[in-house]
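Work through the exercises below with the structure open beside you, and try each task before you read its solution.

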Amino acid sequence: MDDHEDDTTRVTALWPDPPPFWKDFTAENIARHERLKEDYAQQQGLDTDAVVRIPNIPADLTNLQPPPEPADGKWKSFDVSETLAETLIPLEDAGVQRLAPVSEKHEDSKHLDRGFELKKLVKSLMLNYLELVGLMSHNPAHAAEKVQDLRTLLFNFHNTVNEYRPHQAREQLIQIMQDHLESKRQETAAIRSVVDKAKRMIEGLASMQVSQADAWAGANGQTDAEAGRQESGRETVGWAEVRDEFA
């Protein structure tokens, strides 16, 4: 850097100099800013990462944190005015002739079909382009008017597409919610199927002929302990079959 780095009026070749506030980003200032950020987060009971701006910060540390949000919701980016509330600028305000209907309904109270309007604009664009090619081959001096017609058609086409954006966003949200609902329904159906299967298995285990087994054990002179061990073995085998069934 030379001695003229603070001269904002100086015209430079290649890339311009960095903004003058880069000098504030020293290791010492960054460490001070981090300490102030931690202290403020502790005082407010917040997480350090949740702190965006620190009030009443020293002047030499101002550039180390993001600027405040615009109070009126307007700012400039590359000398272009921007707003938080994005609104579609009418063609009339931009000095462009409107070709598509303005309202959502025609004069006969039918709903405006933007897809149909876009198709008409595309056909008009193709026709005017062919006419422009013909003029350029025969009389190029009269092509400026046709170029202006193409610009008007393109502006109207782009404006009609932008007017369709809210409907497109709603349809996308509806589709996402429907897909989510269908996924939950499939999961619920799968869970119910497994529950029904488990109930049938449990009912099958419960309906084992215990009485016949007890009678057979009594006929063969088995003791209660032996009968219990046999019953426990049957339960073990039964639960093993259940695990194999749902594995």
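**Exercise 1.** Is Arg98 buried or exposed, judged by its relative accessible area?

*Solution.* The structure is a predicted model, and every value used here is computed from it. A residue counts as buried when its relative accessible area is under 20%. For Arg98 the relative accessible area is 18%, so Arg98 is buried.

**Exercise 2.** Find the salt bridge that joins the side chains of Arg98 and Glu163, and work out which parts of the chain the pair ties together.

*Solution.* Begin with the general idea that side chains of opposite charge can pair when their charged atoms come close. The side chains of Arg98 and Glu163 meet in a salt bridge, with a distance of 3.5 Å from N to O. Next, place the two partners: Arg98 lies in the loop between β2 (80–83) and α2, whereas Glu163 lies in helix α3, so the pair ties together parts that are 65 residues apart in sequence. Glu163, with a relative accessible area of 22%, is partly exposed. Finally, look for further partners: Glu92, Arg98 and Glu163 are linked in a network of salt bridges. A search of the whole structure finds seven salt bridges.

**Exercise 3.** Describe the salt bridges that Lys120 forms with Glu117 and Asp149 with Lys146, stating where the partners lie and how accessible they are.

*Solution.* Take the pair of Lys120 and Glu117 to start with: the closest N and O atoms are 3.5 Å apart, and both residues lie in helix α2, three residues apart, about one turn of the helix. Lys120 is partly exposed at 39% relative accessibility, while Glu117 is buried at 7%. Then turn to Asp149 and Lys146, whose side chains meet in a salt bridge at 3.8 Å, N to O; both lie in helix α3, three residues apart, which is about one turn of the helix. Here Asp149 is partly exposed, with a relative accessible area of 30%, and Lys146 is buried at 14%. The spacing can be understood from helix geometry: an α-helix has 3.6 residues a turn, so residues three or four places apart point the same way.

**Exercise 4.** Check whether the length of helix α3 agrees or disagrees with a rise of 1.5 Å a residue, and say what covers its buried residues.

*Solution.* Helix α3 covers residues 143–163, and its 21 residues should span 30 Å at 1.5 Å a residue. Its end C-alpha atoms are 30 Å apart, which agrees. The buried residues of α3 include Ala143, Leu150, Leu153 and Asn156, and what covers the buried residues of this helix includes α2 (114–138).

**Exercise 5.** Make the same length check for helix α1, and then decide how its buried residues are arranged around the axis.

*Solution.* The 18 residues of α1 (residues 27–44) should span 26 Å, and the end C-alpha atoms are 26 Å apart, in agreement. In this helix Asn29, His33, Lys37 and Ala41 are buried. Seen down the axis of α1, the buried residues fall within an arc of 105°, so they line one face of the helix. The face turned away from that buried side carries the exposed residues Ala27, Glu28, Gln42 and Gln43. Ile30, which is also found in α1, is partly exposed at 38% relative accessibility. Together with Phe21 and Phe25, Ile30 forms a nonpolar patch on the surface, with about 270 Å² of accessible area. After α1 comes Gly45, whose phi is positive, near 70°.

Note on methods: Residues are numbered from 1 along each chain as its sequence is written. This is a predicted model: local features need pLDDT of at least 70, side-chain atom pairs count only at pLDDT 80 or more; totals for chains, interfaces and linings use all residues. Side-chain values use heavy atoms; hydrogens and water are left out. Helices (H or I, at least four residues) and strands (E, at least two) are DSSP runs, numbered from the N terminus. The expected span of a helix is 1.5 Å times one less than its number of residues. Buried means under 20% relative accessible area, exposed over 50%, partly exposed in between (1.4 Å probe, protein chains only). The arc is that of the directions from the helix axis to the C-beta atoms. Patches are made of residues with over 30% relative accessible area and no salt bridge: like charges are joined within 9 Å, nonpolar side chains (Val, Leu, Ile, Met, Phe, Trp, Tyr) within 5 Å. Accessible areas come from the Shrake-Rupley method with a 1.4 Å probe; for residues, only the protein chains shown count as cover. A salt bridge is a side-chain nitrogen of Lys or Arg within 4 Å of a carboxyl oxygen of Asp or Glu. Contact means heavy atoms within 4.5 Å.
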